[in-house]
Amino acid sequence: MTTSYRLGIIPGDGIGPEVTAAGLVVLDAAERAFGFRTERTTFPWSGEHWLRTHEPFGEPQLALLRGLDAILLGALGHPNVPRGLLERDIIINGLRRGLDLYANVRPVTLYDLRLCPLRDKRATDVDLVIVRENIEDVYGAEGITTAAGTPGEAVSVEMRFTRAETERIVRFAFGLSRRRRQHLTLVDKSNAIPIQQLWRDVLEEVGGGYPDVERDAMYVDAASMWLVLHPERFDVIVTTNLFGDILSDLGAALAGGLGSAASGNVHPGRVSVFEPIHGSAPKYAGQGVASPVGAIGAVAMMLDHLGESGAAAAVDRAIRAAFASGAIAGLEARDTGRSGGTMKVAESVANAVRG
Ligand code: IPM
Ligand code: MG
């Protein structure tokens, strides 16, 4: 019997639908080449949808997703929707917290040396994964405002970490390191934010169970510097929600920019969400010039999560081949234009998957 996976597709806003369609062309090719199937349900949630319906995103929507195997997300964000609304309701409190997707996995993968802005690096020097804690920290909290509008106005928000969550994410990161180069770096700011000592304690405690994985720790300011100067010193980074957000854009820049970076919001063994890390980029929407590489990378990560690791590796190789042959000229809109557009790029990758 052919294995079939149930997928949810959330194309979203702006360039989201275009890059998602491109990702699905590659998925089609992978299905045929590797002999599995997917059953896909498309959901309308987006800024457009919110402007039409003002429908909140909550438990009824999440209930539709819980029975699925994986979700592919394009991009959410619309210039006419109040700032932060979709981010808070759908991404942070909805998908990430609602589905308990506690690990945000953000590989920094250099598909082609020409994409690297650093001097004198080899292709293998930029190859790391940022594991970002995905449900705690200062994220998405209302915070408190007092004496609003007066010179004494004060705003505050709680930075909160629990031992259970910190242990869970650190354990996940050790597990991932074991499958890579056995080196885990904790990134925090425990010199200036003493509560983050919890992360150091947990690193030591959990690390005892992974004697084969070398561990170290670094403050986030220093980590930013070392990522630029010596990315090769990193294998897996585990860090807080906020620092992971910032470092993962830096990481994406080391591999050519947001156009190629993919991420997974993961809970092993449960429905998880895969997406390119770029946003909806309204100014490029509808022109077929957005790079689909991030969305295709998200398809590869999704395949890996589903257990189709052969197909995942084939998609990864196909992206590299498409860069090497010039079928993908680069990651900017003008490069995708020169390559014949978003769908043309996807078809080149799909062809390479077919072999
Ligand atoms: C990301 C994004 C989100 C985040 C925004 C859109 C809330 O920047 O996924 O990195 O900060 O987590
Ligand atoms: Mg971000």
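This section describes the overall fold, the domain division and several individual residues of a predicted model.

The chain contains 12 helices and 12 strands. Its overall dimensions were assessed from the C-alpha atoms, which fill a box of roughly 55 × 50 × 45 Å along the principal axes. The radius of gyration is 20 Å, and because a compact globule of 355 residues would be expected to have a value near 20 Å, the chain agrees with that expectation. Of the 355 residues, 54% count as buried. The exposed surface of the chain amounts to about 15300 Å², of which carbon and sulfur atoms supply 52%. Contacts across the sequence were also examined: of those joining residues at least 6 apart, 76% link residues at least 24 apart. With respect to charge, there are 36 positive and 43 negative side chains, and a distance of 4 Å lies between the centres of the two sets.

Two domains are assigned. Domain 1 is made up of two segments, 1-116 and 258-355, whereas domain 2 covers 117-254. The contact between the domains involves 25 residues from domain 1 and 29 residues from domain 2. The domain centres, taken over C-alpha atoms, are separated by 24 Å.

Backbone geometry was considered at two residues that are not glycine but have a positive phi. In His54, phi is about 50°. This residue is located in the loop that joins α2 (47-53) to α3 (59-66). In Asp120, phi is about 55°. The loop holding Asp120 runs between β4 (103-109) and β5 (127-133). Asp120 has a relative accessibility of 70% and therefore counts as exposed, the cut-off being over 50%.

Two residues with low accessibility, Ser263 and His278, were examined through their surroundings. Ser263 belongs to strand β11, which spans residues 262-266. Its relative accessibility is 0%, so Ser263 counts as buried. Beyond the neighbours within four places in sequence, the contacts of Ser263 comprise Asn104, Val105, Arg106, Val273, Phe274, Glu275, Ile277 and Met301. Among these partners, Asn104, Val105 and Arg106 fall within the bounds of β4 (103-109), while Val273, Phe274 and Glu275 fall within those of β12 (272-276). A further relation in space concerns Met302, which is 39 residues from Ser263 along the chain, with 9.3 Å between the two C-alpha atoms.

His278 is found in the loop between β12 (272-276) and α9 (293-306). The relative accessible area of this residue is 11%, which lies under the 20% cut-off, and His278 therefore counts as buried. When neighbours within four places in sequence are set aside, His278 is in contact with Ile15, Val19, Ala75, Leu258 and Ser291. The C-alpha atom of His278 is 9.1 Å from that of Ala295, a residue 17 positions away along the chain. Ala295 falls within the bounds of α9 (293-306).

Asp221 provides a case of intermediate accessibility. This residue is part of helix α7, residues 220-229, and the helix falls within the bounds of domain 2 (117-254). At 45% relative accessibility, Asp221 counts as partly exposed, because the value lies between the cut-offs of 20% and 50%. Asp221 and Asp188 are separated by 33 residues in sequence, and their C-alpha atoms are 8.9 Å apart in space.

Key:
Residues numbered from 1 in each chain as written. Chains lettered and ligands numbered in written order. Predicted model: local features only at pLDDT ≥ 70, side-chain atom pairs only at ≥ 80, totals over all residues. Heavy atoms only, no water. Helix = DSSP H or I, 4+ residues; strand = E, 2+ residues; numbered from the N terminus. Rg over C-alpha atoms; globule rule 2.2 N^0.38 Å. Buried < 20%, exposed > 50% of the residue type's maximum accessible area, 1.4 Å probe, protein only. Contact = heavy atoms within 4.5 Å. Areas by Shrake-Rupley, 256 points an atom, 1.4 Å probe, with all protein chains shown as cover. Lys, Arg positive; Asp, Glu negative; His and termini not counted. Charge placed at Lys NZ, Arg CZ, Asp CG, Glu CD. Domains from an automatic or database assignment.
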